[in-house]
Amino acid sequence: MTDRVVYDVAASSSGALGILEDCYEEALRDNGNSYVFLTSTDDLRSLKNVEVRSYPWVKTSWFHRLFFDWIVGPRIVR
């Protein structure tokens, strides 16, 4: 079983969130791999082989987003 990371803290509404939800549905169907979703929304939940980590504070300002993208995100992925 392989761990895969879906890093999409930018998606929070409309088209981008729809694409993230489609990816989430595909991940649920893939029993051969485990997934970790890094998001800024609480619309998804951890199930079966998918772990969802939500970071809503990323959307509070550009500083928070840059801090997450440059510092926090890479540490999580490692």
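This passage walks through the salt bridges, aromatic pairs, a surface patch and two individual residues of a predicted model.

Charged pairs make a handy starting point. Side chains of opposite charge can pair when their charged atoms come close. The structure has 3 salt bridges. In one of them, arginine 29 meets glutamate 26, with the closest N and O atoms sitting 2.5 Å apart. These two residues are 3 residues apart in helix α1, so about one helical turn separates them. Arginine 29 itself counts as exposed because its relative accessible area is 54%, and the cut-off for that label is anything over 50%.

Helix α2 carries a salt bridge too, this one between aspartate 69 and arginine 65, at 2.9 Å from N to O. Here the spacing is 4 residues within helix α2, which again means a separation of about one helical turn. Neither end gets the exposed label: aspartate 69 comes out as partly exposed at 24% relative accessibility, and arginine 65 is partly exposed with a relative accessible area of 23%. Both values clear the 20% mark under which a residue would be called buried.

The remaining bridge joins the side chains of glutamate 51 and arginine 53, with an N to O distance of 2.9 Å. Glutamate 51 is partly exposed at 35% relative accessible area, and arginine 53 is partly exposed as well, at 30%.

On to the rings. Searching the whole structure turns up 7 aromatic pairs. One of these is tyrosine 35 with phenylalanine 37, a tilted arrangement with 6.5 Å between centres and 45° between planes. The tilted label applies because 45° falls between the 30 degree limit for stacked and the 60 degree limit for edge-to-face. Tyrosine 35 and phenylalanine 37 are both buried. Elsewhere, ring pairs tie Tyr7, Tyr55, Trp57, Phe63, Phe67 and Phe68 together into a cluster.

Some of those names come back at the surface. A nonpolar patch there is formed by Trp57, Trp62, Phe63, Leu66, Phe67, Trp70 and Ile71, and together these residues have about 830 Å² of accessible area. Trp57, Phe63 and Phe67 thus appear in the patch and also in the ring cluster. Tryptophan 70, another patch member, belongs to helix α2, which covers residues 62–77. With 64% relative accessibility, tryptophan 70 is classed as exposed.

Back in helix α1 (residues 14–29) there is cysteine 23. Its relative accessibility of 32% makes cysteine 23 partly exposed. Setting aside neighbours within four places in sequence, cysteine 23 is in contact with Val6 and Phe37, the latter being the buried phenylalanine of the tilted pair. As for alanine 10, it lies 13 residues from cysteine 23 along the chain, and 15 Å separates the two C-alpha atoms.

Lastly, threonine 41 sits in the loop that runs between β2 (33–39) and β3 (50–54). Loop or not, threonine 41 counts as buried because its relative accessibility is just 8%, and buried means under 20%. Leaving out residues up to four places away in sequence, threonine 41 touches Ala11, Leu17 and Ser54. The threonine 41 side chain also has a polar atom 3.3 Å from the backbone nitrogen of aspartate 43.

Conventions: Residues are numbered from 1 along each chain as its sequence is written. This is a predicted model: local features need pLDDT of at least 70, side-chain atom pairs count only at pLDDT 80 or more; totals for chains, interfaces and linings use all residues. Side-chain values use heavy atoms; hydrogens and water are left out. Patches are made of residues with over 30% relative accessible area and no salt bridge: like charges are joined within 9 Å, nonpolar side chains (Val, Leu, Ile, Met, Phe, Trp, Tyr) within 5 Å. Accessible areas come from the Shrake-Rupley method with a 1.4 Å probe; for residues, only the protein chains shown count as cover. A salt bridge is a side-chain nitrogen of Lys or Arg within 4 Å of a carboxyl oxygen of Asp or Glu. Buried means under 20% relative accessible area, exposed over 50%, partly exposed in between (1.4 Å probe, protein chains only). A polar contact is a pair of N or O atoms within 3.5 Å; within protein, one must be able to donate a hydrogen and the other to accept it, and residues adjacent in sequence count only if both atoms are side-chain atoms. Contact means heavy atoms within 4.5 Å. Rings of Phe, Tyr and Trp (its six-membered ring) pair if their centres lie within 6.5 Å; planes under 30 degrees apart count as stacked, over 60 as edge-to-face and the rest as tilted.
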